[in-house]
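Me: I would like a close look at a single part of this model, namely the place where the bound molecules sit. Please take me through it in one connected account.

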Amino acid sequence: MILDLDIGNTLSKWRLKDGDSSEIRSRGAVWTREEWRPGADIPDLDVVEAVRISSVARRAVLEETVALLRRRVGTVHVARSTPEALGVANGYEEPGKLGVDRWMGALAGYQLAGGCCAVDCGSAITVDFVLPGGRHLGGYILPGLRLMKESLKLGTRNVAIDPDSEAEELLEPGRRTVEAVNHGIYMAAVSAVNRIYSEVCDQQDVALPMLLTGGDARVVSRGIQVPHAVWPDMVYGGLEACFPLTAAERAGRLSGAPQVPSPVAMEKIRAALAFSMLL
Ligand SMILES: Nc1ncnc2c1ncn2[C@@H]1O[C@H](COP(=O)(O)OP(=O)(O)O)[C@@H](O)[C@H]1O
Ligand SMILES: CC(C)(COP(=O)(O)O)[C@@H](O)C(=O)NCCC(=O)O
Ligand SMILES: [K+]
């Protein structure tokens, strides 16, 4: 079995993948701040032959995790942000400073779709762009839905946005504090992503397919106007591409990859941008 780990600022996600069939056998998540303890939702290490890790948590968390795993598992791969990988040139002035989850998402997106806009809706919402030739432009970081809500300190943080909510409802004026806050942060997130996408496609003169991942991807997806696909395993896809272990991975097939969305025509993106600025 292969253990894939995606350690974010909020949740440490894991999945067990069968090395022979490439099927995903189980998944789980634990709070990143909490120690792994028996009884928690953690994988059975006895069946694991190799581990692949993407981590943006504090260095100590990664170091402890790697030390624990090295005692139990033969192969441990830790992903790093590099100046170049798999045909993508990292756009950061200091490539190593790009969050490795963003780098994994950008690499997976490029492998699947060629040029793309990769959006990760987690603790932070990140929006990264890779052009069709493989040039990563850099991106945008904004607070995620939960962080925005917590920063308001209005005592509404325990009432999360229902991931099944309809965008039309979330975009209406709220008539209670919880509603006003939820609708406000939702509006902030989806307008930012819509605007960023149109601006960058306009600047670069290319309509890119958009891919969404992260804990809030489903609900954010409902407020995104352009064609896009949700790919919950996008960060894992980067791990598969960087450290291929199964036959399917070596053949370039990424688990759970969605159908690549066809972007709308550039003229439509420009018209939407002009409209949003009332030009
Ligand atoms: N069951 C859940 N438990 C925790 N967070 C959830 C859950 N469902 C959705 N979320 C949202 O997902 C975010 C965490 O998403 P995730 O992509 O795992 O973040 P990170 O990678 O930063 O740890 C939370 O901040 C919250 O807004
Ligand atoms: C921007 C992030 C905090 C997002 O992390 P997440 O929301 O997935 O937990 C992470 O990618 C990170 O720590 N990046 C380093 C800074 C940068 O990418 O510029
Ligand atoms: K994120």
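Reply: A residue is called buried when its relative accessible area is under 20%, exposed when that area is over 50%, and partly exposed in between. With that cut-off in hand, and bearing in mind that this is a predicted model, one can begin with the potassium ion, ligand 3, whose protein donors are an OD atom of Asp120 and the O atom of Ala124. These donors lie 2.9 to 3.2 Å from the ion. Asp120 has a relative accessibility of 14% and therefore counts as buried, whereas Ala124, at 28%, counts as partly exposed.

Ala124 also leads on to ligand 2, since a polar backbone atom of Ala124 is 2.8 Å from an oxygen atom of that ligand. In addition, an N or O atom in the side chain of Tyr92 lies 2.6 Å from an oxygen atom of ligand 2, and a polar side-chain atom of Asn9 is found 2.9 Å from an oxygen atom of the ligand. Of the 470 Å² of accessible area that ligand 2 has on its own, the protein covers 77%. The surroundings of ligand 2 comprise 14 residues, and the closest of them are Tyr92, Gly99, Asp101, Arg102 and Ala124. The space that ligand 2 takes up is the largest pocket.

Asn9 in turn provides a link to ligand 1, because the residue that offers a side-chain atom to ligand 2 also has a polar backbone atom 3.4 Å from an oxygen atom of ligand 1, and a pair of N or O atoms counts as a polar contact within 3.5 Å. For Thr10, a backbone N or O atom lies 2.9 Å from an oxygen atom of ligand 1, while for Lys13 the contact comes from the side chain, where an N or O atom is 2.8 Å from an oxygen atom of the ligand. The protein covers 72% of the 570 Å² of accessible area that ligand 1 has on its own.

Around ligand 1 stand Gly8, Asn9, Thr10, Leu11 and Lys13, together with Trp31, Gly122, Ser123, Arg146, Gly214, Gly215 and Asp216. Sorted by class, this shell holds 7 polar, 3 charged and 2 nonpolar residues. The largest pocket is also the space taken by ligand 1, just as it is the space taken by ligand 2.

Methods
Residues numbered from 1 in each chain as written. Chains lettered and ligands numbered in written order. Predicted model: local features only at pLDDT ≥ 70, side-chain atom pairs only at ≥ 80, totals over all residues. Heavy atoms only, no water. Donors = N, O, S within 2.8 Å, 3.2 Å for Na, K, Ca; no water. Buried < 20%, exposed > 50% of the residue type's maximum accessible area, 1.4 Å probe, protein only. Near = heavy atom within 4 Å. Polar contact = N/O pair within 3.5 Å; in protein donor to acceptor, adjacent residues only side chain to side chain. Areas by Shrake-Rupley, 256 points an atom, 1.4 Å probe, with all protein chains shown as cover. 1 Å grid on protein atoms, 1.4 Å probe; cavity = no way out; pocket = protein on both sides within 12 Å on 5 of 7 lines; lining within 4 Å. Sits in = over half its atoms within 2 Å of the grid points. Nonpolar A, V, L, I, M, F, W, Y, C, P; charged D, E, K, R; others polar.
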